[in-house]
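Thanks, everyone. I will go through a few pieces of local packing, and please have the sequence and the structure open.

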Amino acid sequence: MIALEKRPTPSRFWTGITPFLAVLATMIAGGIMFAILGKDPFAAIRTIFWDPVFGEFAFYYRSQLLVKAGPLILIAIGLSLGFRAGVWNIGAEGQYIIGAICGAAVGLAFYPTESFLIFPAMVIAGGLGGFLWAMIPGILKVKFQTNEILVSLLLVYVAEAILASMALGALKNPDGAGFPGSRNFRSYPSAYNEDLIANTGMHWGVVFAFIAVIFAYILLSRHMLGFQIKLAGQAPRAARFGGVNPDRLILFCLGVSGMLAGLAGLFEVSGPAGQVSIDFNVGYGFTAIIVAFLGRLHPIGILLAGLLMALTYIGGELAQSNLGLPAAAIQAFQGMLLFFLLAVDVLTNYRLRFGNREVA
Amino acid sequence: MDLSSISPTLLIASLMVAATPILLAAIGELIVEKAGVLNLGVEGMMITGAICGFAIAVETGSPVIGFIAAAAGGALLSLIFGVLTQYLLSNQVATGLALTLFGLGLSSLMGQSYVGIKPPQTNKLDIPVLSDIPVLGPILFNHDIMVYFALALVVLVWLGLNRTRAGLVLRAVGENHDAAHALGYKVIRVRLLAIMFGGACAGLGGAYLSLIRVPQWTEGMTAGAGWIALAIVVFGAWRPFRVLLGAYLFGGVTVLQLNLQAAGLAIPVEYLSMSPYLITIAVLVVMSAKRGRTSLAAPASLGRIFHASQ
């Protein structure tokens with residue numbers, strides 16, 4: 001008989017080791033899934049985790065790694081603050097879309113003026129757009145106690161409808177011969193989010209992601225607000241007695257995560273994606289939830305988790321073209337990773353006890 | 001624009017069809033939440049049910065077997081959630097999200113070879129004399145069997161919760177799991193059964209979409225229906241008949257905006273198609289604003305982890 005016994009404090013050893021265990025378990029379970037699909041599991045796992053970094057064409061994929069990890073890290077850092085405080089913003093995908101639309105609209109409004117001020121203005125508009133979109137669930141939660149999980153998620157579908165209307169209407173390229181989608185930012189240098197060092201994938205979004213990691217680290221380990229966030233999540237009652245204003249904390253967490261998601265959207269649309277199109281968003285807002293948990297809601301962990309998740313994206317594409325692995329397989333693979341992560345988490349908070357349970 | 005082309009009779013009849021998938025999922029989630037478990041994976045279970053039901057119905061040629069398979073598929077997927085949250089004590093919010101993400105991936109993986117196929121037809125229950133009654137006929141007596149099944153399920157759930165011993169135990173577990181444990185009820189077993197019931201219902205709801213309402217398989221075809229079902233449980237204040245009302249209200253909005261699209265209203269299609277989501281949010285706000293009364297309705301142990309040692 002195996003019983004669980006609660007640890008007085010979470011084990012530091014297991015906190016560090018469980019993400020690796022989860023990745024390992026996912027590789028095994030994923031391998032079984034690939035085998036069922038009729039692919040060689042070892043080849044598939046190697047294609048996903050090894051080839052993008054060390055394989056034959058790695059020089060190309062390494063730059064893609066940063067391009068994909070940038071938005072994931074940026075969004076996940078914002079989400080992790082809320083998740084720690086028990087504020088569940090799961091509509092980052094919507095904030096990402098709205099940020100992209102707002103930022104792109106500002107840039108396109110100035111077309112074809114060239115000025116070094118245009119890109120910063122777009123960045124501000126992008127962040128603001130995401131911020132305001134996240135304020136909707138925030139204010140509703142504070143004013144009316146509306147569940148922020150449901151509102152933020154339902155707003156994703158609203159944002160997608162707005163995106164469709166923008167790509168087909170207001171922001172459509174007037175010289176585009178009627179094709180849907182906005183002007184391409186590649187042909188508009190002042191607004192284009194170019195690689196800062198050519199062919200490294202290092203664009204402004206990646207820089208912002210690194211800055212966000214540092215800020216979040218300082219906030220959580222050295223700042224009063226970070227302490228309040230952790231306290232509100234672990235002991236809400238104690239936090240209220242300790243003078244933490246829960247409403248301000250909710251607005252702060254949603255606002256920051258919305259702003260970062262909006263920024264990620266703007267950097268993506270003005271850089272790698274290149275234009276506002278009906279389906280430029282590829283679900284980073286949802287994958288970032290996995291990244292946040294895989295990184296144990298810790299800034300450094302999220303940095304590593306974001307890179308790993310980016311690897312599975314690139315490896316997934318590679319496996320798609322080389323092995324004919326369906327695109328959906330990688331999505332299921334990522335979902336599986338989150339399951340295993342949550343499953344092994346039990347070892348952090350509980351001790352396994354073998355033998356007969358004593359009578360209490 | 002020609003609003004006279006919208007017939008109220010057909011509107012009501014089709015809103016019942018539009019509401020059925022959400023009603024099925026919501027009534028399942030109601031039982032889950034009454035047992036004190038918050039499963040945010042409804043969307044994932046629905047879409048898995050949609051493809052399971054679709055695939056099996058196409059392979060066997062029988063929609064009935066398809067629906068049974070959908071319920072089994074949804075229940076099986078919910079069992080992952082059950083094991084993780086009940087035995088491995090994981091966070092219910094995060095695990096529910098994981099279930100949705102995994103379900104979306106798994107379903108499009110399973111559905112690859114079923115895109116663009118037509119499922120076997122589910123016949124309407126054309127009750128001879130009754131369905132010929134002018135207005136009431138098409139509204140009440142001319143639907144497929146699942147519409148009636150969903151309605152019957154609402155009544156059964158209400159009876160089960162309020163008039164049986166099992167319902168009492170379920171509610172006890174949801175209100176105070178420690179007390180229920182002390183009384184000797186198997187908290188984890190009750191919750192696992194409730195979770196599987198919720199999964200089966202969500203699976204049926206998904207299959208209703210892919211087999212009857214659409215009827216086709218496309219990736220991500222549930223398009224937030226699972227999340228709306230979750231919202232409707234809150235709207236219904238955890239009561240079966242108010243959940244029914246909420247689902248039909250939502251169905252009405254969906255059908256109305258589709259009709260307005262078809263009638264060529266001056267509002268762009270995109271804005272009409274976001275209206276069901278906006279109205280769901282508005283309804284949530286109204287419901288939670290009068291928390292004074294409704295907060296008593298939420299099961300007291302909702303979302304809390306149960307471990308016998310604590």
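Contact here means heavy atoms within 4.5 Å. Please also keep in mind that this is a predicted model.

With that cut-off, start at helix H9 of chain A, residues 224-234. Its buried residues are A:Leu225, A:Gly226, A:Gln228, A:Ile229 and A:Ala232. Around the axis they cover an arc of only 160 degrees, so they sit on the same side of H9(A). What covers them? The cover includes four helices of chain A: H4 (58-85), H8 (204-222), H10 (236-241) and H11 (246-270). On the face turned away from the buried side, H9(A) carries the exposed residues A:Met224 and A:Gln234.

H4(A) takes us to the next packing. It packs against helix H13 of chain A, residues 299-323, with the axes 7 Å apart and at an angle of about 135 degrees. Angles between 115 and 145 degrees fall outside the perpendicular and antiparallel classes, and H4(A) and H13(A) are therefore oblique to each other. The crossing of H4(A) past H13(A) is right-handed. From H4(A), the contact is made by A:Tyr61, A:Gln64, A:Leu65, A:Lys68, A:Ala69, A:Leu72, A:Ile73, A:Ala76, A:Ile77 and A:Ser80. H13(A) contributes residues including A:Pro299, A:Ile302, A:Leu303, A:Gly306, A:Ala310, A:Tyr313, A:Ile314 and A:Glu317. By class, that contact has 17 nonpolar, three polar and two charged residues.

One residue of H4(A) deserves a stop, A:Lys68. Is A:Lys68 buried or exposed? Its relative accessibility is 10%, and the limit for buried is under 20%, so A:Lys68 counts as buried. Outside its neighbours within four places in sequence, A:Lys68 is in contact with A:Tyr284, A:Ala310, A:Tyr313, A:Ile314 and A:Glu317. A:Ala310, A:Tyr313, A:Ile314 and A:Glu317 are also among the H13(A) residues in the contact with H4(A).

A:Tyr284 belongs to the contact that helix H12(A) makes with H13(A). The axes of H12(A) and H13(A) come within 8 Å and cross at roughly 130 degrees. That angle makes H12(A) oblique to H13(A). H12(A) passes H13(A) in a right-handed crossing. On the H12(A) side, the residues making the contact are A:Tyr284, A:Thr287, A:Ile290, A:Val291, A:Ala292 and A:Leu294. On the H13(A) side, they are A:Ile302, A:Ala305, A:Gly306, A:Leu308, A:Met309 and A:Tyr313. The classes are 10 nonpolar, two polar and no charged residues.

H12(A), residues 284-294, has another partner in helix H14 of chain A, residues 327-344. How are H12(A) and H14(A) oriented to each other? Their axes come within 10 Å and cross at roughly 30 degrees. Angles under 35 degrees count as roughly parallel, so H12(A) and H14(A) are roughly parallel to each other. H12(A) passes H14(A) in a left-handed crossing. A:Thr287, A:Ile290, A:Phe293 and A:Leu294 of H12(A) meet A:Gln334, A:Gly335, A:Leu337, A:Leu338 and A:Leu341 of H14(A). Six of the residues in this contact are nonpolar, three are polar and none is charged.

Now two loops of chain A. A:Thr146 is in the loop between helix H6 (118-144) and H7. At 0% relative accessibility, A:Thr146 counts as buried. Which residues does A:Thr146 contact, leaving aside its neighbours within four places in sequence? They are A:Leu140, A:Lys141 and A:Val151, together with B:Leu284, B:Val285 and B:Ser288 of the other chain.

A:Phe179 is in the loop between helix H7 (148-168) and H8 of chain A. With 60% relative accessibility, A:Phe179 counts as exposed. Its C-alpha atom is separated by 8.2 Å from that of A:Leu168, 11 residues apart along the chain.

Last, two backbone points in chain B. Most residues other than glycine have a negative phi. B:Leu89 has a positive phi of about 55 degrees although it is not a glycine. B:Leu89 is in the loop between helix H3 (63-87) and helix H4 (92-110) of chain B, and at 8% relative accessibility B:Leu89 counts as buried. B:Ala223 also has a positive phi, near 45 degrees. Its place is in the loop between helix H9 (187-213) and helix H10 (225-235) of chain B. B:Ala223 counts as partly exposed, at 34% relative accessibility.

Technical notes:
Residues numbered from 1 in each chain as written. Chains lettered and ligands numbered in written order. Predicted model: local features only at pLDDT ≥ 70, side-chain atom pairs only at ≥ 80, totals over all residues. Heavy atoms only, no water. Axes fitted to C-alpha atoms, helices over the stretch in contact; angles between N-to-C directions. Parallel < 35°, antiparallel > 145°, perpendicular 65-115°, else oblique. Left-handed = near helix turned anticlockwise from the far one by under 90°. Nonpolar A, V, L, I, M, F, W, Y, C, P; charged D, E, K, R; others polar. Buried < 20%, exposed > 50% of the residue type's maximum accessible area, 1.4 Å probe, protein only. Arc of directions from axis to C-beta.
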